[in-house]
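Visitor: I would like to understand how the words used for aromatic rings are justified. Could you take me through the reasoning step by step?

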Amino acid sequence: MWERTLQDLIRGLRANKQDENKFIAKAIEEIRAEIRTDDMHLKAGAILKLTYLEMLGYDMAWAAFHVVEVMSSPKFHLKSLGYLAAVQSFNKDTDVLMLTTNLLKKDLTSTPADVAITLNGLSNIMSSELARDLSPELIRMLNHSRPSIRKKAIVATYKALAEYPDAWDSAMTRLREKLDDPDPGVVAATINVLVELARIRPESCLILAPQLFHLLTTSSNNWMLIKIVKLFGMLSPHEPRLVKKLQSPITDLISTTSAISLLYECVHTCIIGGMLEGSAGSHLAKTCVSKLASFIEDSDPNLKYIALLAMVKIVPSHPHLIADYQDMIMSSLSDQDISIRMRALDLVSAMVDQNNLQSIVQQILSHLVQDSSSSPMPSAAELLTAQASALNAGTSSIIPPNHNPAYRLVLCRSILDIGSKNTYENVVNFEWYLSVLVDLAHVANVDVGDEIRNQLVDLVGSMGLMHGILNDESWMVRANEPGSCSEVLWAAAWICGEYSTETTDQSRLIPCLVHPGIARLSPTIIAVYLQSMTKVFGSWTANLANQWGDDELVQVQELVPNIISRLETFTGSADIEVQERAANVLQLFNFIQADLSTFKPRPKPQYDSPFADVSSDPDFPKSLYLIKPLVSYELNPVAQSAQQSVPIPFGLDLDSWIVPPPIEPPKERSKVKKSKKGKGVHGQEKAKKSKRKNDGEVDEVEGENYEELNTAEEIAERQRQKAERQERLRDDPYYIVDDRPPLPPVDDIDSIPVVKLEGMPALNLASAPQRTFHIDRVGEMPQRATSLAHPSPSIPSSRSHTPSLPPPTGSAFAFTQYEGADDDTTRTSTPEPIKVTRTKKKKGPGRKKLTENTDDGVA
């Protein structure tokens, strides 16, 4: 009576915003108590509240079994709550789904209301096991008398086929029958399901083509026509005969329909279905392009977007049809919507050919030029601030669309991709395109310098244009600014150096290459400047020597010190490449300067005489030819198969060794003598072959050829490496060093001489002192120990015949004598020897036992 309802729960949540978790924890405790009761109404109310909490993110998997209990209620309003909770909380991995199979079968044969909610719930909790067990019942439900039940059964059948494909054949037969159903809703539901099934197995849906074509030509429902056209677009690639069959009805739809969605779907189907190919598709393609052009003129941005997207797919097969609307497409580049501008740029890039390349590139470049001339590029923070202020003021953004750096980068790369497409096949005037690259570097304001540099190197522009780039100091002023494209200077310097012989104004080019402003450039560009300056100077001085005069000497003497002063500033560069090139070139120019300072012009003879001395020295300094031979070698291109055309000289064997490798002597393996099993401890162990890998040890070579295979130098080198490793590992805490002293070398027993001992004098041991110890027998005397001073008078009879020998004396062989204090006891007699007998071997497992035969018996 006082239980909290769902409305009370919602009111409590709204009233406890500050302590919502505590309120929900208390509510869940109440729900746990309510859900365990036998009252089905109370349990259903608890499940309803728990379903609401599950929508807020709280787990209710612990109540899955109670949800099944509510689903089994015979009352419709309670059953619907159970299925609602199951749809909300169950998934394919829920354990209690296996308990619902019989319940679902029972509900599918119940009243129409129960069947409806069962089909709705089953469509959302379908698993592979449920699809396998319930697919026959679902297929039978397709022939239900009520259209609403048939529609729900069609949707549930699709879910079952997605989880259990083995029921595909039987279900397709019934779905084919539903295309002729008298209820339009059932037909529409069937077509929707077929569209989804065609994504999985389009070949299985080809048998439905006649009925689908009939619906295409007779139906007036635009939404169903959209689905049918889309379905034919999936089937056409698998059945070429459908293309010719569909061209006429789809052309009529495009020409007559006023529905924009149906019109676009027909155009899209014509594109993906291959209906625009061939002579028969030309008229249809022209119709499609004209309709799409009307979309571009529309004010709806969605229609503009889909029209541009569809034209991108048509332009590869019909570029001439798209070219008729070039001005309309180019106007889309100025649209405020960035997505429309991107699609228009894709379309423009795809429709380029030799005839419209220059006009398209100039129009794209104009967007960049207008932007750069109006105001400097804003940063990302400035863009966001301007947009936020415009939104707060309730006005449209005043920021031009081309101020977006990302969009400018796309524009620049589009120009580069358009020009270099298929190795510059669309470029007719390369001088024009080179000027475009230079202009693009000026106005880009984004990082595309590497791409521009690569294309300049590919095309190798005129020396006049490259000289103009090097002579323009504005490049050096803004070299460190982002988006400056200073890599263009790299390309210009490299081209001038590699093709220095193509220019006649080399003396004016050298000062540009040693300009003081190049210190602001990156090290990579400076290195190319130094290399190119050397090449240009070498080519210039070589040409100067051919027309040598007094004026040329003064010009060279003035230029060389200037070059040396600039090179000295780069010899201390932090970049190793710049430093090395500057140091090498500096030495060459120091030599040239020394030669020029000692050069004296030869005086001209006042009159010609055949007897005048003819000197072998030239009229110009010899150092003028110092650099050109170093850089004047030209590497001509060589074909890939050129080496195969060179004949092999007679007597040359390409497979033989020029220097034969040394012959390695065979290694002798030491023979290991196998021990017999059971003969001692060493015989029980198995011989294992292993290689010693201890750190610091020299690998030993088996056999007797170690000295032959290793020279004295190699052995000494290994010993040195061993000492270094031991010294390095001495301080290593993870390496245990063996600090034990080395064992003395083992003497060769075979080398000891054999000495005969016969005839040698006896040892005199009588003089050795004897020590006597007094031991307390009671406390320390070993058992059975007696003093030698008091020998036992009793001698065993068994040993009476053995002569007694005097004990040896001396330090070498004398044993320590023990003397007991006042020992009157006599020595015990020696026991009789034990006789050992071997018993007979018994059967069964076990080892042989030894028995002792004593006086008491056998033990």
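Visitor: What makes the charged end of Arg 201 count as sitting over the ring of Trp 168?

Guide: A charge sits over a ring if NZ of Lys or CZ of Arg is within 6 Å of the ring centre and within 35 degrees of the ring normal. The charged end of Arg 201 lies 4.4 Å from the centre of the Trp 168 ring and is listed as sitting over it, and Lys 245 likewise lies over the face of Phe 213, at 5.1 Å from the ring centre. This is a predicted model, in which local features need pLDDT of at least 70 and side-chain atom pairs count only at pLDDT 80 or more, while totals for chains, interfaces and linings use all residues. Residues are numbered from 1 along each chain as its sequence is written, and side-chain values use heavy atoms, with hydrogens and water left out.

Visitor: Why is the pair of Phe 537 and Phe 589 called tilted?

Guide: Rings of Phe, Tyr and Trp (its six-membered ring) pair if their centres lie within 6.5 Å, and planes under 30 degrees apart count as stacked, over 60 as edge-to-face and the rest as tilted. The centres of Phe 537 and Phe 589 are 4.7 Å apart and the planes meet at 55°, so the pair is tilted.

Visitor: How do you know that Phe 537 and Phe 589 are buried?

Guide: Buried means under 20% relative accessible area (exposed is over 50%, partly exposed in between, with a 1.4 Å probe and protein chains only). Phe 537 has 1% and Phe 589 has 0%, so both count as buried.
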